[in-house]
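Okay, thanks for having me, everyone. I'd like to walk you through one structure today, so please have a look at it while I talk.

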Amino acid sequence: MKIRTALTLKYTCITATIFLLCMVLIYLVSEHTRDQTFFRNLKSEGITKANLFLAGQVDAKTMQSVYLNNRKFINEVEVAVYTTDFHMLYHDAIHNDIVKETQVMINEIIQKKEIEFHIGMVFQYKGKDYIVTAAAYDGYGYDNLVGLQETLICLFIIGLSLLFIAGYVLARLSLKPIRNIVNEAETITASHIDRRIPVKNEKDELGELTIAFNELLKRLEISFNSQK
């Protein structure tokens, strides 16, 4: 394998690995943000519905009707309100229950004040504790994640192709001085042993190599002339 090809592959692999890690980080941060936003919205919706019900501003039948109508078009949040002794006061749709509340779950919510299964919390209203649960499927958030995933995959494929091309060009440009040295060296024969390879920069590695090669030619010329 030529050095140019090896350098291209190494450059592509290293940069592609960094590129991939950055994309994975973007995806994980986006998933974390989606998760936090979703639970924050669940909590907000649960508190809002609990307030409306406990304050008597909206009757249970109307709230259930709104929930059932909305869930045909959007991923509506399903909310339930319990007393601390596991007596159900309100439920958006008991027959389509997303979360099966149990006494153990209620006890855990009372103990921890808030848990995330979807969301469960202790809610105080007029000095009395109630248990509020809220659940929903974050279809919009997951659709966005799928779209982000597809975009990142496309970007990775395109980016990998561009990185390979860029690596090849850079390797070719970097090795061009070596090719020039080789071409100059091929012109030196026994009849032209007095010729030397031009030194463009004495301070870099190629300059040092050229100087060393010219010194070798000088010693060969002296030896050749002595034998002649």
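I'll go through the sheet, then the loops, then the aromatic pairs and the surface, and finish with a few single residues.

One thing up front: this is a predicted model, so please listen with that in mind.

Let's begin with the sheet. In what order do the five strands come? The order is β2-β1-β5-β4-β3, in an open sheet with antiparallel pairing. At the edges you find β2, residues 88–91, and β3, residues 114–115; each has a single partner strand, so one side of each is left without a neighbour in the sheet. As a reminder, strands in a sheet pair through backbone hydrogen bonds, and they can do that parallel or antiparallel.

Now two of those pairings. Strand β4, residues 119–125, and strand β5, residues 128–135, are antiparallel and joined by seven bridges. If you want a spot to click on, try Met-121, which sits opposite Val-132 in β5. The other pairing is β1, residues 78–83, with β2: three bridges, again antiparallel. There, Tyr-82 has Met-88 in β2 as its bridge partner.

That takes us to the loops and to some backbone angles. Keep in mind that most residues other than glycine have a negative phi. Which residue has a positive phi in the hairpin of β1 and β2? That's Phe-86, with phi near 65°, and the hairpin has four residues between its strands. Next is Lys-113, in the loop between α3, residues 103–112, and β3. Lys-113 isn't a glycine either, and its phi is positive, near 75°. Then there's Lys-126, in the loop between β4 and β5. Lys-126 has a positive phi of about 55° without being a glycine. How open to solvent is Lys-126, buried or exposed? Its relative accessible area is 74%, so Lys-126 is exposed.

On to the aromatics. How many aromatic pairs does the structure hold? There are five. Take Phe-19 and Phe-156: the ring centres are 6.1 Å apart and the planes are at 25°, so this pair is stacked. What I like here is that the pair links distant parts of the chain, with Phe-19 in helix α1, residues 3–54, and Phe-156 in helix α4, 137 residues apart. Phe-19 is partly exposed, because its relative accessibility is 27%. Another of the stacked pairs is Tyr-137 with Tyr-142, at 5.5 Å from centre to centre and 25° between the planes. For that pair, Tyr-137 comes out as exposed because its relative accessible area is 53%, whereas Tyr-142, at 34%, is partly exposed.

Staying with helix α4, let's look at the surface. There's a nonpolar patch of about 750 Å², made by Leu-9, Ile-158, Leu-162, Phe-164, Ile-165, Tyr-168, Val-169 and Leu-173. Which helix gives the most to that patch? Helix α4, residues 139–186, with seven residues. One of the patch members, Tyr-168, is in α4, and at 33% relative accessibility Tyr-168 counts as partly exposed.

Tyr-168 also turns up in the surroundings of Thr-8. Thr-8 is in helix α1, and what does it touch beyond its neighbours within four places in sequence? Thr-8 is in contact with Phe-164, Gly-167, Tyr-168 and Ala-171. Why do we call Thr-8 buried? Because its relative accessibility is 1%, and the cut-off for buried is under 20%.

Two more residues and I'm done. Gln-64 lies in helix α2, residues 60–70. Gln-64 is partly exposed because its relative accessibility is 28%. Setting aside neighbours within four places, the contacts of Gln-64 are Tyr-90, His-91 and Asp-92. If you want a distance across the model, the C-alpha atoms of Gln-64 and Pro-198 are 89 Å apart, with their positions 134 residues apart along the chain.

Last one: Lys-200, in the loop between α4 and α5, residues 205–227. Lys-200 is exposed because its relative accessible area is 77%. Its C-alpha is 9.4 Å from that of Pro-177, and the two residues are 23 apart in sequence.

That's my tour; happy to take questions.

Technical notes: Residues numbered from 1 in each chain as written. Predicted model: local features only at pLDDT ≥ 70, side-chain atom pairs only at ≥ 80, totals over all residues. Heavy atoms only, no water. Helix = DSSP H or I, 4+ residues; strand = E, 2+ residues; numbered from the N terminus. Buried < 20%, exposed > 50% of the residue type's maximum accessible area, 1.4 Å probe, protein only. Contact = heavy atoms within 4.5 Å. Patch = residues over 30% accessible without salt bridge, like charges linked within 9 Å, V, L, I, M, F, W, Y side chains within 5 Å. Areas by Shrake-Rupley, 256 points an atom, 1.4 Å probe, with all protein chains shown as cover. Salt bridge = Lys/Arg side-chain N within 4 Å of Asp/Glu carboxyl O. Pairing = 2+ DSSP bridges. Phe/Tyr/Trp six-rings, centres within 6.5 Å; stacked < 30°, edge-to-face > 60°.
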